[in-house]
Amino acid sequence: MEDINILKRALEREKKARKAAEKNLEIKSQDLYLANCALQETNESLTTIVAHRTAQVQGINEFAKKLLDQKTVEEVCWSIAEHAISHFQLEDCIVYILDRSSMHLQQKAAFGNKNQDYRTIQQPIEIPVGKGVVGHVAATGKPLLVADTDEFEMYIQDDAKRYSELAVPLTIDGEVIGVLDSEHSQKNFFNKHHLSLFTTVASLAAIKIRNIFSHDAQRETESQLIQNQLKFKHIVESANEIIFESNSEGFFTYVNPISFKRMKYSEKELTDLHFTDLVEESHRQKVMEFYLQQITEKNTDADIEFPAITKDGKTLWIAQHTKFQYDDQGVFVSAMTVARDITEQKKYERTLQIQKEKYRGIINNMNLGLLEVDQDDRIMFANKSFLKMSGFEENEILNKRAGQVFALREHRDVISNKNKLRSYGVSDIYTLPVKNKAGEDRWWLISGAPNYDDQGEIIGSIGIHLDLTEQKKLESQLAEAIVKAEDSAKAKELFLANMSHEIRTPLNAIIGILNEFPRTNLDLQQGELLHNVQQSAQHLLSILNNILDLTKIGSGEFLLDKHQFRPAEILRDIYSIFVLQARQKNLRLSFNSKIPKEYGYEGDSTRIRQVLVNLIGNSIKFTKEGTISLEASIMEKGDQSHMISFVVEDTGIGMNRDYLEKLFTKFTQEDGSITKNYGGTGLGMALTNEIIQLMGGSIEVDSEKNRGTRIEVRLPIAFIENYDESSNRPEQVSKNLVNAKILLVEDNEINRLVVRMTLKAYKCQITEAENGKVALDILANESFDLILMDLQMPVMDGFETTKAIRNKLKITTPIIALTANAMKNTIDKCLSIGMNSYVIKPFDKKTMLQELSRQILQKNLPTPGPPVPINQIEQEPNKLFDLEELQDLGNGNTAFIEKMILLFIDQIPAAVNEMEKHLENQDYREMSRVAHRIKPTLQKMRIHTVKDPIYQIEHLDPERASDSFLHELLNVIRSTINTVVKQLQTELEHSSS
């Protein structure tokens, strides 16, 4: 029973287990059903996806085939964009290409989701590398998939909202050349599949673009190669060198045109020759062996020189550079050669070699010592003359320091400094005290220079030595002699200065007082006596002037004063001087000028007059009866000067032929009776000859005893095309001299009397001071228009007084020196300490009055500076112009005068401004031309105060021009012209009213 229960329980358990298994099987069946359904759906989906993917792959294949037909990068870009839109269901696709010059991505193609061509919608855009998604991809070279742009910081929104974006780089060999970009309005639209497709398209496009680039580069290379070939051919064809190509056997395959010309062969003749046929026979074997060796050693190029023979048998030395061509197996195939004609070079080298040998012999045998040292001053070579000069043997000085061997201890630094100069490439000449081997003191003149090697590098110094010991002794003796001579010259100069003062001072008083006598009532006898005394005084002055002129010439102080003049005026003046004297001796005086009256010249008319006066005076002196004539003519006409001839002839006593050789010797006359009967010192002709030589002229004398004398003077004188009529007119004494306050500082009472009498007619207020100290006391309390200053006075002389006036009292009143010393150094000293001018005693009344007037006029000139406004002029200044010449020219025509004034006002100030601009640009020649242009106008207006400044600017030397000095001259000119313009305007107002 129990077993049955157990069995029942077992059956129940089995039954339950069966039911559970059935239940479980039912569940699994349901799961399997569901799984089968799902599998069926999956199979259907996969079929669709595979079909889609297959379509996309086919599209890519089509895209790849389409790329084969694209010729340009732009066509490739449009294919990418169009394909992506049509096969990947995109809303848009844009292709960018990178411009590396600007590092911007330039839009090359763009399509919308409706296959719209963006070129018709918007302008192509540019994106900087690194900016936004596209710029980031270009910068990194990696693709970028943005699922949600709202969560992507780099995304830049535009007007059309996009939620996802995919950008893939176009790369060639790892280098980014562009970016393929697409945006979509649906988030998470783009996935890895899109990324894979874009990458594939980008790769295909990049490969095509690379091929296009390569093709373009190849075409450019081929074009460049063709151009280079043409250029090379042009160079070869026009080259001045011989260029030819030869084959492996040595026959010419090409020769350029210059080869035909140099070798005298035709092209056909040359191409039939072997290159050795042109080599001179004596060098042929050597040249062949040389080239054979080069080819055997497989050298790529080689140089050789040899003589070549032209078709007409002439020899040319040729320098050849050859390049050898080998095939892949190293077999020689051809050679290209460039050859230069070095015939002249070889001649030069031969000449140089001969010269070297010649100079080597000269160096070894010359009397000059030659020494070569290295950069440490060690002796490398000494010639025989140097060894003899120094007393050393060659082995005693080689490799020793020259400075230590020869130079005195205190002068060794000189050698060191000279070696430093040589290291900088500097040559010089110097003298050096040295000791020879015997210990004797010697002086050497050394010409030192750097010594160079063949590469131009300094390797030491080379010196040429001359023993100056004997010359040094002579120099020492000469120096002592010079000191003695200078002392003698100073003593002579001091003597002349003192004698000049001592003689001229009383002579000034004598002549001055004699000149005043004609103003008194004299009877006939008194007048005759006075005339004789005046002639004696003038004769004495003439002798004194001749002595001083000769002294000035000897000391180099005699200067020529160049100015404009006319020869006719000189002859007229001389005639007026001698006509009365000739009549008194019943002599016929004949003057004839063949020089046109209108011709003007520039030179020292005073000295020309002095020469002619001396010659005419001698003729009158030594002629008892007959004729004296003077003829002036032009012998030669040059571009800038004329050779003027002055011929003086007389029928006087004449001279012996022997005496003519001594005619120009100082203090000589033909015999003692001449001095006794005719007077004279024998200085006149000597001085005349000296003056003529200073002017660059010559003098010829032809004389016969008791038959007369003919003297011809020839002078080269500068010709002036535009002669200035007013330049030679004496200055008029200004009305400023009337009632002028003048301080006369003079210790000689008679000289003070002469000055008072000279100025009496002008009612000058003269205050007298007998020495400089009295003058300073007066000037401390009173002002003057002018100061006349004697130089040699007791207590305080004129030099000390002038310095005190200028430096202590600070007075700028013009000071005129009254000096009996006419030497140049005295005059220079006067001007250097502050004096304005000088008058030499005994003074000519007219000359003195003109100088006083000029200085007072200069004193009254306005200070240079900006022009004063018309409304600030309180009083009309003295007129600085004179319209007399214009009035004569216009015959009193008022309209003409007014027109000339208006032209002056319009043009002259503008010309001054023009000169100032030229000065700023340092164009001195143009500045000089402007001065030359306006000078005639200023002279016609007689504006004398600018005469000197205009002359100096007109004749300035551009090489020595001083800007500061020229500025001062322009200031004076501008100030004067401004004043003249105002005065002319006032003149016009008065004439119109």
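Two strands are said to pair if DSSP finds at least two bridges between them. The legends below apply this wording to a predicted model.

**Figure 1. Overview of the predicted model and its secondary structure.** The protein comprises 993 residues, of which 39% are buried, and its secondary structure amounts to 29 helices and 28 strands. Among contacts in the protein with a sequence separation of 6 or more, 59% are accounted for by residues 24 or more positions apart.

**Figure 2. An open, five-stranded antiparallel sheet.** The strands of this open sheet follow the order β8-β7-β11-β10-β9, and their pairing is antiparallel. Strands β8 (252–255) and β9 (301–309) form the edges, each of them pairing on one side only. When direction is ignored, neighbouring strands of the sheet are turned against each other by 25 degrees on average.

**Figure 3. Close-up of the pairing between β7 and β8.** Strand β7, which covers residues 242–247, is joined to β8 by three bridges, and the two strands run antiparallel. Within this view, E245 is found opposite Y254, a residue of β8.

**Figure 4. Helix α7 lying across strands of the sheet.** Helix α7, made up of residues 281–296, lies across β9, β10 (315–326) and β11 (332–341). With respect to β9, the helix runs at about 165 degrees.

**Figure 5. Surroundings of L468 in a loop.** L468 is located in the loop that connects β16 (458–467) with α13 (469–516). Its relative accessibility is 12%, and because this value falls under the 20% limit, L468 counts as buried. Once residues up to four places away in sequence are set aside, L468 touches T431, W443 and L445. One of these contact partners, T431, is 37 residues from L468 along the chain, with 8.5 Å between the C-alpha atoms of the two residues.

**Figure 6. Crossing of helices α27 and α28.** The axes of helix α27 (residues 924–940) and helix α28 (residues 947–954) come within 8 Å of each other and cross at roughly 145 degrees. The crossing in which α27 passes α28 is left-handed. On the α27 side the contact is made by M927, S928, A931, H932, I934, K935 and L938, while α28 contributes I950, I953 and E954. Sorted by character, the residues of this contact between α27 and α28 comprise six that are nonpolar, two that are polar and two that are charged.

**Figure 7. Surroundings of Y924 in helix α27.** Y924 belongs to helix α27, and with a relative accessibility of 12%, which is under the 20% limit, Y924 is therefore classed as buried. Apart from neighbours within four places in sequence, Y924 is in contact with L919, L956, P958, A961, D963 and L966. The C-alpha atom of Y924 is separated by 8.2 Å from that of D957, a residue 33 positions away along the chain.

**Figure 8. Two buried cysteines in a model without disulfides.** The relative accessible area of C93 is 0%, and C93 is therefore buried. C830 likewise has a relative accessible area of 0% and is buried. A search for disulfides across the whole structure returns zero.

How values were computed:
Residues are numbered from 1 along each chain as its sequence is written. This is a predicted model: local features need pLDDT of at least 70, side-chain atom pairs count only at pLDDT 80 or more; totals for chains, interfaces and linings use all residues. Side-chain values use heavy atoms; hydrogens and water are left out. A disulfide is a pair of cysteine sulfur atoms within 2.5 Å. Buried means under 20% relative accessible area, exposed over 50%, partly exposed in between (1.4 Å probe, protein chains only). Helices (H or I, at least four residues) and strands (E, at least two) are DSSP runs, numbered from the N terminus. Contact means heavy atoms within 4.5 Å. Axes are lines fitted to C-alpha atoms, for helices over the stretch in contact, and angles run from 0 to 180 degrees between N-to-C directions. A crossing is left-handed if the near helix is turned anticlockwise from the far one by less than a right angle, and right-handed if clockwise. Ala, Val, Leu, Ile, Met, Phe, Trp, Tyr, Cys and Pro count as nonpolar, Asp, Glu, Lys and Arg as charged, and the others, Gly among them, as polar.
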